[in-house]
Structure formats: structure tokens, C-alpha cells
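Q: Could you take a close look at one helix for me, including its ends, any bend along the way, and what it packs against?
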Amino acid sequence: MAKLHLVTGGSGYFGNLLVAKLLERGDQVRVFDILDADDRPAEVEFVQGDIRDKRAVATAVADVDAVHHNVAMVPLAKDKDAFWSVNSNGTLNLLEASRHAGVNKVVYTSSSAVFGVPDRLPVDEYCTPRPAEAYGMAKLAGEEMCWRFADDGLDVSIIRPRTIMGHGRLGIMQILFDWIREGRNVPVFDGGHNKYQFVHADDLADACIRAADRPGPRAYNIGADQYGTMRETLQGLIDHAGTGSQVKSVPSAPAVMGMKLTSALGLSPLGAYHSLMYGEDMYFDQTRAHEELG
């Protein structure tokens, strides 16, 4: 008999992709989100609600076998109160409702932002999280709640993705794509020699589904196997586009200060995490994911 999977945030880009992959393998799917997607398949049930609404969350998890928890206020929102009310308190609502409903498995999509600027590389699951801004702190609070509920018997696994990209989803990199499309130069900090890992949305969805199938609480860091420096990544894109853009190195200290200032004044969509990490090395060791999720 097919399992019923709940995908919170299932109307968004990644949630929609996850829904499609679950359907492909024959699972039943329910979506919980504030808004319904125009292209939601007819066989996918939809429950409308806010993750901060306990009653709506309880309705969404009823009779569910597995929950994929993707609802989050992202760094671009730059709303510290919402980071906590959605990413932290909303996760608590979801975990309480899942325990009460007897859900067999919860997969919590966290973030590499929980590690801030890591103290060693590559980052594995034994590295101590130390977020440096509000978004990462709220996501870490969600992780800590997951572990507390796991200690009380709820089977919860945590997925930490690197920066997500995929067909139709560029995220904050959209700015750089637009500049290159227009033939403008793109900046890197201090030569752009920092190694920076991404993850393809398809691979991330696959990891979430595999984690849902594996019994027992666990955390997994998920990123692409192949990655290079920020300069190499952008130069590859420029070579492909052929628009005449060039990679230009700028000193990191004044650039980061400018990014923070324009973000605070509402003149830039960048959040605190972006100015913190754009010039830093950030990549995961994925030994555990390879060995335990295949």
C-alpha cells in the first residue's frame, strides 16, 4: 500500500519538485501551504494553512506516514521576527502535531547557515553548528527541537543542503545571472579563490526521500560532489554565456560593509547570510550521505 507523504511548503519551488518525485514512485501526497499551486496535480490533496496555526497543522498531519518539512522564512525576507515565528515556532507546531498523530517519520529541511563560517573544512555532521546571523540561529533552533523530539521517540531526520540551484531556481544567484546576461562584470572577493559548493534541487529531493525511507534519527549534509572556487564557477558561466562579462576581484572588507549597508537600507535583496558567506570557503563532506543514503 502506498504511503501518504505530507510536504509542507509543497506549493513552492522545491516542495513542488519533491511532490513530483514522490508521485513518480507511486506514493500518495498531501501538500500543506498558505497558497495552492496552479499546477498541483489533481491526485495531490491540499490543506491550506499557516505553519504557525496549530489547528491547521494538526489537520495537515492527520493519517500521514511521513512528513517533509520545508516551510521556512528564507534569508531574503530579512525579517527576524518571522525567522523565529515560522522557522522555529512553526517547526515546534509541526513536531508536536506529528507526535500526536503518530507520524512514522519526519524529515526536517534545515540549512548550511547553521554552521555560519565553519571552523574547519570540509564540514561534516560532527562539526559544531555556530550560526552568525538570525536566519541560521532560527534554523538551528528548529534542529535542536528535532533532536529533543527524537529523544522522546519521534523518528526525525535532518537534511542540511548547500545553496540550492536547479532548473527554474537560481535564488540569490539570479542577480549574478542577470549581470552576466547584460554583459556586466561580476565581483568576487579577494580573488574569488574560496571553494563554494552548491546542490542541485533534484539531488536534494532524492536525499530527502531516501532519508524518509531510512528508519532512525540522523542528520545529513547534502551538496554537489563536483564544485570549484567562486571564480571558477562564475568564469564557467561567463564562458557559456559569451556576453563579454568579466570576473573582477574586489577587497572583501569594504565590499562586505557595502553589502550590509545596502541590505539594511533596503537597497539590496541580499540578506546577512549572503554578505557573510559570499567570499568564504563552504563545502560539505558527504561520506555519511553516500554510505547511508546511497
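A: Here's a walk along α3 and then over to the sheet.

This is a predicted model, where local features need pLDDT of at least 70, side-chain atom pairs count only at pLDDT 80 or more, and totals for chains, interfaces and linings use all residues. Numbering runs from 1 along each chain as its sequence is written, and side-chain values use heavy atoms, leaving out hydrogens and water.

Helix α3 covers residues 80-101; helices here are DSSP runs of H or I with at least four residues, and strands are E runs of at least two, numbered from the N terminus. Its 22 residues reach 30 Å from first C-alpha to last, close to the expected 32 Å (1.5 Å times one less than the number of residues). At the N-terminal end, D79 is the cap, with a side-chain oxygen 3.2 Å from the backbone nitrogen of D81. Further along, α3 has a kink of about 30° centred on G90 (the angle between axes fitted to the seven residues ending there and the seven starting there). After α3 comes G102, with a positive phi near 75°.

Now the sheet: seven strands, open and parallel, ordered β3-β2-β1-β4-β5-β6-β11 (strands pair if DSSP finds at least two bridges between them). β3 (45-48) and β11 (218-222) are the edges with a single partner strand each, so one side of each has no neighbour in the sheet. Within the sheet, β1 (residues 4-8) and β4 (residues 66-69) pair in the parallel sense over four bridges, and V7 sits opposite H68 in β4. α3 packs on this sheet, touching β1, β4, β5 (105-109) and β6 (156-161), where contact means heavy atoms within 4.5 Å. The direction of α3 makes about 170° with that of β5, using lines fitted to C-alpha atoms, for helices over the stretch in contact, with angles from 0 to 180 degrees between N-to-C directions.

Definitions and conventions: A polar contact is a pair of N or O atoms within 3.5 Å; within protein, one must be able to donate a hydrogen and the other to accept it, and residues adjacent in sequence count only if both atoms are side-chain atoms.
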